[in-house]
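Trainee: Please take a close look with me at a single part, the surroundings of the ligand, and explain each term when it first comes up.

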Amino acid sequence: MVFASGRRLPRRALFFDTPCVSQTQIARKLGCQLTRKGSIRCGRYEATSVPGVFVAGNIIEDVQLAIVAAAEGTRAAFGINRSLTREDYERRATGVQHVEHPPVDDKDVARRRPDKLGAS
Ligand SMILES: Cc1cc2nc3c(=O)[nH]c(=O)nc-3n(C[C@H](O)[C@H](O)[C@H](O)COP(=O)(O)OP(=O)(O)OC[C@H]3O[C@@H](n4cnc5c(N)ncnc54)[C@H](O)[C@@H]3O)c2cc1C
């Protein structure tokens, strides 16, 4: 490597880290709570603090790999199906319709990322 100052540093390989910034404001505009680092705060089944809104992928503060994003998408899909099924059962049983949504409590957030507990 040759620095701007002209200093040379012999190396066989170079690893670099690029910042990752969300390109969409949708979750924020919907009112989802954020972590201290600005990503979407979510708990079980990738449920956000807004009923009916689930997230997956880089927008969650976690390991940023394609396979992790896919796994989170699968968990979110499971959570959405679970919520809709419960909502449907309740509507049929009681005639009342409301959005069934997993609570996002600190315990769930901590279980997902014990070192990154945070809220806005
Ligand atoms: C240089 C680089 C190298 C990487 N190498 C690897 C690797 O080797 N292995 C690995 O597993 N992971 C790698 N990753 C990480 C991996 O790409 C991400 O973790 C993964 O793509 C996250 O998936 P995602 O669906 O959350 O986001 P993305 O794949 O970024 O998908 C988000 C999509 O939403 C679209 N979008 C954004 N805003 C809007 C909007 N308002 N309306 C409609 N669409 C919108 C974007 O155009 C994009 O297509 C790498 C990332 C980078 C940047």
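Mentor: To sort residues by class, we count Ala, Val, Leu, Ile, Met, Phe, Trp, Tyr, Cys and Pro as nonpolar, Asp, Glu, Lys and Arg as charged, and the others, with Gly among them, as polar. By that scheme the shell around the ligand holds four nonpolar and five polar residues, and no charged ones. Please keep in mind that this is a predicted model, in which local features need a pLDDT of at least 70 and side-chain atom pairs count only at pLDDT 80 or more, while totals for chains, interfaces and linings use all residues. Residues are numbered from 1 along each chain as its sequence is written.

The shell is made of Gln 23, Thr 24, Gly 57, Asn 58, Gln 64, Leu 65, Ala 66, Ile 67 and Ala 69, where a residue is taken as near the ligand if its C-beta atom, placed from the backbone, lies within 6 Å of it. Helix 2 covers residues 66-94; helices here are DSSP runs of H or I with at least four residues, numbered from the N terminus. Its 29 residues reach 42 Å from the first C-alpha to the last, close to the 42 Å expected at 1.5 Å a residue, the expected span being 1.5 Å times one less than the number of residues. After helix 2 comes Gly 95, with a positive phi near 80°.

Following helix 2 along, we meet Phe 78, whose C-alpha atom is separated by 7.0 Å from that of Tyr 45, although the two are 33 residues apart along the chain. Tyr 45 belongs to the loop between helix 1 (26-29) and helix 2, and has a positive phi of about 55° without being a glycine. Tyr 45 is buried because 21 other C-beta atoms lie within 10 Å, whereas Phe 78, with 13, is partly exposed; the cut-offs are 20 or more for buried, 12 or fewer for exposed, and partly exposed in between, with C-beta atoms placed from the backbone. Glu 46 is found in that loop too, has a positive phi near 60°, and is buried, with 27 other C-beta atoms within 10 Å.

How far should we trust this picture? The mean pLDDT of the protein chain is 86, and 89% of its residues reach 70 or more, pLDDT being the predictor's confidence in each residue, from 0 to 100. Among the elements, helix 2 has the highest mean, 94, and helix 3 (residues 106-112) the lowest, 68.

Key:
Helices (H or I, at least four residues) and strands (E, at least two) are DSSP runs, numbered from the N terminus.
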